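Biologist: I should like to learn how enclosed spaces and strands are read from a model. Could we begin with the spaces?

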Amino acid sequence: MPNLIEPKLISGNANTPLAQSVAKRMSLHRGINVGLVDARVERFNDGEIFVEVYENVRGEDMFILQSTSNPANDNLMELLIIADALRRSSAARITAVIPYFGYARQDRRSKARTPITAKLVANMMVEAGIERILTLDLHATQIQGFFDIPVDNLYAAPVFALDAMHHFKGRDDVMVVSPDVGGVARARDLAQRINAPLSIVDKRRGKPGEVAEMTVIGDVKDRTCLIVDDIVDTAGTLCKAAEVLMDHGAKEVHSYITHGVLSGPAIERVGKSVMKNLVITDTIQPTQAVLDCPNIRIVPTAPMFAQAIMNTWNGTSVSSLFDHKTLQPIYEGMYSGE
């Protein structure tokens, strides 16, 4: 049964433009002003984080919008402290909307005497008072099982499918490529949505951070290849995969990557690579260098998150957003006519 209270949004400092865009989208849908709760999230001189909420949140359905991206530790602590402030202010329910879930790559013990940091982060979030998680493209879907609270993991594939169908409309040479064997399920999902064949780049590492050998599984000759993955960090593997595909006769290479971490030499590599386009979402606030890179394009996630928050608030299905046909009207104006 829908609540009578309105959803309230509060944002940390990780990605304020995205939080403002979500609030704007919700205002359009609700027909009333949905703004961000007035609060301050500051740092003392020694780096300690301090949060003060200026509005009454007693009995309210609160949604914290905060990616745990770089600087991951600061942004994670902001999220936890905001949650604690809301819990101690008697909020009725606290949902953490985490577009990019940091530490997700540490989801298992890869070697002896190593941590499972994703589980530690999950414990911290629950202990802070968070009662529900809403995120996008978890690096490892089993992380949902690390929580004893509901976790809604949205997917970028429906939005990427709309984008691909718009930009490659009428072309029968499109092939979706997984940059490694572990990402086949994600690539297959997009391939099925746009009715395209699937290929795989099998990579073998010499030592951590270095790719020794890449093999293309499938015929990519004269194909327009779309590489699909969830995270692009230093972009070394991605740019190398694009080169290998071109060496195997691909016509052109584009990439669809959900989270643009883009650290270190990534932007320079992408700018000089053979890729025509790298398409990322705005789950991580893009730097000016990212915005200035001519072959990086950003698709918005605010329409999807705004709808997911409203569905969570009024008790309707979030999984309906897994279908690109459901998302098409939400992204009206961007991909019309498909």
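Modeller: On a 1 Å grid over the protein atoms alone, a cavity is a set of points where a 1.4 Å probe fits but cannot get out, and a lining residue has an atom within 4 Å of a point. The model is predicted, so local features need pLDDT of at least 70 and side-chain atom pairs pLDDT 80 or more, while totals for chains, interfaces and linings use all residues. Residues are numbered from 1 along each chain as its sequence is written, and side-chain values use heavy atoms, without hydrogens and water.

Biologist: Which residues line the second largest cavity?

Modeller: Its lining consists of Asn15, Leu18, Ala19, Leu65, Gln66, Ser67 and Pro99. A volume is the space filled by probe spheres set on the grid points, which are joined across faces, edges and corners; for this cavity the volume is about 30 Å³.

Biologist: How is the lining divided by class?

Modeller: Ala, Val, Leu, Ile, Met, Phe, Trp, Tyr, Cys and Pro count as nonpolar, Asp, Glu, Lys and Arg as charged, and the others, Gly among them, as polar. The second largest cavity has four nonpolar, three polar and no charged lining residues. The largest cavity, with about 40 Å³ of space, has six nonpolar, three polar and one charged. Its lining includes Tyr100, Asp137 and His259.

Biologist: Leu65 lines the second largest cavity. Where does Leu65 point from β4, and is it buried or exposed?

Modeller: Strands (E, at least two residues) and helices (H or I, at least four) are DSSP runs, numbered from the N terminus. Buried means under 20% relative accessible area with a 1.4 Å probe and protein chains only, exposed over 50%, and partly exposed in between. In a regular strand the side chains alternate between the two faces of the sheet. From β4, Asp61, Phe63 and Leu65 point one way, Met62 and Ile64 point the other way, and all are buried.

Biologist: Which strand does β4 join through five bridges, with Ser11 opposite Leu65?

Modeller: Two strands pair if DSSP finds at least two bridges between them. Strand β1 (residues 7–11) runs parallel to β4 and is joined to it by five bridges, and Ser11 stands opposite Leu65. β4 also pairs in the parallel sense with β5 (residues 93–98), over five bridges; here Ile64 stands opposite Ala96.

Biologist: What unit do β4, helix α2 and β5 make?

Modeller: A crossover is right-handed if, with the strands pointing away from the viewer, the path from the first strand over the helix to the second runs clockwise. β4, α2 (residues 72–88) and β5 make a right-handed β-α-β unit.

Technical notes. On a 1 Å grid over the protein atoms alone, a cavity is a set of points where a 1.4 Å probe fits but cannot get out, and a pocket is an open set with protein on both sides within 12 Å along at least five of seven lines; lining residues have an atom within 4 Å of a point.
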